[in-house]
Structures are given as structure tokens and as C-alpha cells.
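Please look over the structure below. The report that follows takes up a few of its features in turn.

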Amino acid sequence: MFTNQHHLKHLLRPHHYTSEEQYRAELRHLFQPAWHPVATTSDLARPGDFITLDLLETPFIIRNFDGELRAFLNVCPHRHSKLTEKPRGHAEKLRCQYHGWEFNKDGGTGKIPDAKVFRPWDRENSCLKAFRVDTCGDLVFVNFSATGPSLREWLAPVWDAWQDYGGAYRHAATWEKDFACNWKVVLENSLESYHIPEVHPHTFKEFPPEENVWHTLSDRSTWFKTVPPNDFAGRAQAWMVRRMGQPVTNEYWHRVLHPHATGSSLDSFRMMQCVFPTGPATCRYRCIFFTLRGTRTNPLAWGLYRTLKSIATAIGKKVFAEDGSIYLGIQRGMEASPFPGVIGTREERVYHFQKYVLDNTSGPRELPQAPAPQAPAPVCAG
């Protein structure tokens with residue numbers, strides 16, 4: 001059931017999807033304070049495992065130091081080289097690719113080749129810049145701001161729901177793609193089911209009737225719930241879930257935590273999607289996908305897990321591609337549109353998202369310049 005009984009005003013205007021000033025405002029006020037889901041614990045399972053990413057104009061590295069995850073700016077304080085260009089890997093030491101400087105888990109220097117040439121040692125300016133890192137379930141989050149809420153505080157509306165991204169559900173795949181559209185185009189598309197018949201005619205096919213839709217709306221998050229049809233695919237899924245030792249709920253949930261994190265779930269999978277702005281009219285969309293492994297270890301349960309992993313991942317990627325096919329057309333239309341826009345009651349989650357954007361940036365002209373957040377200074381050794 002929809003919360004609103006009448007259509008709603010489209011609060012954002014085309015310039016909100018194209019303006020450099022608005023883009024900078026959103027980086028400062030929406031994204032810098034946020035926690036960002038970027039990886040899984042299985043990506044960083046062994047001491048020495050690392051991943052690197054470039055998000056929000058920031059290159060960073062997350063590394064496993066003897067079971068403890070640490071995140072740093074992926075820039076060496078010596079001569080400004082990236083520590084590594086590799087997207088992921090394993091190394092016994094965190095070492096700069098340029099001159100071989102090594103760093104410990106606190107960001108301080110370890111071994112420095114020919115260290116005597118740097119006397120007297122400038123310890124204060126020889127440390128890596130640290131970022132906060134934490135986990136929820138098997139999801140790894142990073143935060144570029146030195147202060148602000150903890151991960152648990154930030155995820156408060158969805159913390160319990162996202163704890164099971166892991167456990168009985170195993171990481172199946174991660175994929176991402178750059179799109180030539182503003183990040184809000186992607187996020188708003190995920191917030192409504194009205195586009196399903198046109199964009200997903202072979203996967204979702206039809207949007208659910210209003211009596212089979214439950215919306216939960218708040219200033220920080222919006223939720224969508226529906227019960228999928230009891231067709232052959234639904235019955236087959238329920239049969240597999242039971243034989244893998246899990247309860248059957250037959251509920252589909254879609255939870256969005258503003259500004260950009262989307263968690264969706266069915267009994268057979270868990271999916272975390274996050275969209276990151278890369279410019280006023282470009283973005284990167286990242287998907288971390290889990291499929292049910294269950295609790296049973298017999299050959300049937302193992303075979304079902306392998307089958308489910310293959311089928312569910314293929315469907316997830318297909319839906320991702322179907323949505324991706326429309327983003328450029330939306331962006332180009334946005335840039336040429338003379339219309340104010342309108343939001344139907346089925347799209348009411350879009351209205352709440354747009355209100356969140358406006359409330360937290362105050363419009364590009366009125367927005368005061370916020371100082372760039374400083375990362376906490378690491379305890380340097382060396």
C-alpha cells in the first residue's frame with residue numbers, strides 16, 4: 001500500500017543533475033560523511049591481502065594486517081606515488097611501488113631504503129593518511145571523514161537487516177560499471193517499480209499491484225516490500241531454500257540508506273549496490289552479490305548452492321544491464337527537459353530521496369563552503 005494518495009512534486013530540477021556546483025555540494029555534504037560499502041571480508045581473508053579503489057576522487061587501499069583491516073589513502077608521503085596500481089593482491093609488506101618505503105598498520109614507516117639520507121627524520125610528514133574502516137556482516141565499509149557517527153550508528157535503520165549479508169549467504173560476485181549519467185539517475189531508478197514493464201519485460205515482467213506493496217518512508221531511508229508470485233520459479237526457490245536448511249519467508253525487501261547504499265534481499269540472495277558520483281554527469285555503480293549457502297553440508301545442499309549461485313548471479317547481472325541501458329537516455333533527456341516533472345504514488349520513495357538531497361545541501365547557491373574533513377593522524381613508528 002502506498003503512503004500517499006495523490007501524485008507528488010518533482011523536487012529536483014534538471015540543473016541538479018548537471019551542475020558542477022551541485023556535484024561539489026553533494027560530495028561535501030552527502031558523501032564525505034557517509035560510510036561506503038566497498039568489499040567483503042572474503043576479499044581480504046588472509047593477512048597481506050589488499051584491495052584498492054578510486055571513489056569520490058580519492059584513491060584508497062584496504063589491507064589485512066594480521067587479521068585487522070586498515071584503510072589508507074593510496075598515496076606515498078615520500079614522492080606522492082600511488083603505493084600500488086594493482087586493484088587487489090597479496091603482499092607480505094605494505095610497500096610503495098616507487099622507492100620501496102614500507103608502512104605498518106598504524107600508517108607509520110617501517111623499512112626505508114638508505115634511510116640515512118633522510119636525516120633528520122621528519123616523522124610527522126612521513127605517515128600514511130588513515131581512513132576509518134569497519135564491517136557489518138561480511139560487508140566492509142570505509143569512511144573518508146575523521147569524525148562522525150560509527151558504522152553501527154550510521155547503519156542504524158538497516159543494521160539488523162544487513163547483518164546477514166554473510167553467514168548463511170556467501171559472496172558470489174562483485175561487479176561495477178561506469179555510466180554517463182548523474183548518480184541520482186541511478187539511485188532514483190532503484191527507488192521505484194513503475195519502470196518494470198518497459199525496462200524488465202523478461203525478468204521482473206510486471207510491477208506488483210498496490211495491495212502487494214509496502215512502503216516505509218523516513219528522512220534517512222526508504223523501504224519496499226512485496227511478496228513475489230507463487231509461480232514455478234517461486235516454488236522452485238522455496239524448495240531449494242528448505243533443503244539448504246533455511247526458513248522460507250517468500251518476501252522481497254529493498255532498503256535504501258541515503259545517500260547511496262541499496263540492499264535488496266530474497267530468500268535465495270542478498271545484494272548490496274552502491275552508486276558513487278565521478279562527475280556532474282558520470283557515476284560508478286558497484287554491486288556486491290551474495291547467494292544462499294545455507295547450513296546443511298550434504299551433497300544435495302552443496303549442489304543446490306552451486307546451481308543457485310550460477311543462476312542467481314546471471315539474473316542479477318542481467319537486471320543490472322537492463323537498468324543500465326536506460327541511464328544515458330534519462331540523462332540526455334534531463335539536460336534538455338523544459339518540464340518540472342511529476343512523481344506518482346508508486347514512485348513516492350523518489351520524492352523522499354529528493355527531499356533528502358535538498359534538505360542536506362540547501363541548494364547550490366545557498367550552500368556554505370564546508371572545510372574538507374581531516375583523517376585522524378596515525379601513530380607513527382619510525
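## The buried histidine

H200 counts as buried, because its relative accessibility is 1% and the cut-off for buried is under 20%. This is a predicted model. H200 sits in a loop, between α5 (196-199) and β12.

What is H200 in contact with, leaving aside its neighbours within four places in sequence? The list is H195, K205, V319, E322 and D323. N250 is 50 residues from H200 along the chain, and the C-alpha atoms of the two are separated by 21 Å.

## Strand β17 and its partners

Strand β17 covers residues 282-292. Is this strand largely enclosed or open? Ten of its eleven residues are buried, so the rest of the structure largely encloses β17.

Strand β16 (residues 269-279) pairs with β17 in the antiparallel sense. Ten bridges make up that pairing. Two residues form the hairpin connection from β16 to β17. Within this pairing, P277 has C283 of β17 as its bridge partner.

β11 also runs antiparallel to β17, and ten bridges join the two. One of the residue pairs is D178 with R284, the latter in β17.

## Salt bridges between β11 and β17

Side chains connect these two strands as well. R286 and E176 form a salt bridge, with 2.7 Å between the closest N and O atoms. R286 belongs to β17 and E176 to strand β11 (residues 169-179), so this pair ties together parts that lie 110 residues apart in sequence. The two ends differ in exposure: R286 counts as buried at 8% relative accessibility, whereas E176 counts as partly exposed at 37%.

R284 and D178 also meet through their side chains, in a salt bridge of 2.7 Å from N to O. Here too the pair links distant parts of the chain, with R284 in β17 and D178 in β11, 106 residues apart. D178 is partly exposed, because its relative accessible area is 47% and the buried class ends under 20%, the exposed class starting over 50%. R284 and D178 are thus joined twice: as bridge partners in the strand pairing and through their side-chain salt bridge.

## Other salt bridges

How many salt bridges does a search of the whole structure find? The search finds 18. One of them joins K116 to D114, with the closest N and O atoms 2.5 Å apart. D114 counts as partly exposed, at 44% relative accessibility.

The R284 and D178 pair, in turn, is a salt bridge with an N to O distance of 2.7 Å. Elsewhere, E68, R70, K105 and D106 belong to one network, joined by salt bridges that share partners.

## A nonpolar surface patch

Which residues form a nonpolar patch on the surface? They are M1, W214 and V227. Together they have about 240 Å² of accessible area.

W214 lies in strand β12 (residues 214-217). Its relative accessible area is 33%, so W214 is partly exposed. Patch residues need over 30% relative accessible area, and W214 has 33%.

Technical notes: Residues numbered from 1 in each chain as written. Predicted model: local features only at pLDDT ≥ 70, side-chain atom pairs only at ≥ 80, totals over all residues. Heavy atoms only, no water. Patch = residues over 30% accessible without salt bridge, like charges linked within 9 Å, V, L, I, M, F, W, Y side chains within 5 Å. Areas by Shrake-Rupley, 256 points an atom, 1.4 Å probe, with all protein chains shown as cover. Salt bridge = Lys/Arg side-chain N within 4 Å of Asp/Glu carboxyl O. Helix = DSSP H or I, 4+ residues; strand = E, 2+ residues; numbered from the N terminus. Buried < 20%, exposed > 50% of the residue type's maximum accessible area, 1.4 Å probe, protein only. Pairing = 2+ DSSP bridges. Contact = heavy atoms within 4.5 Å.
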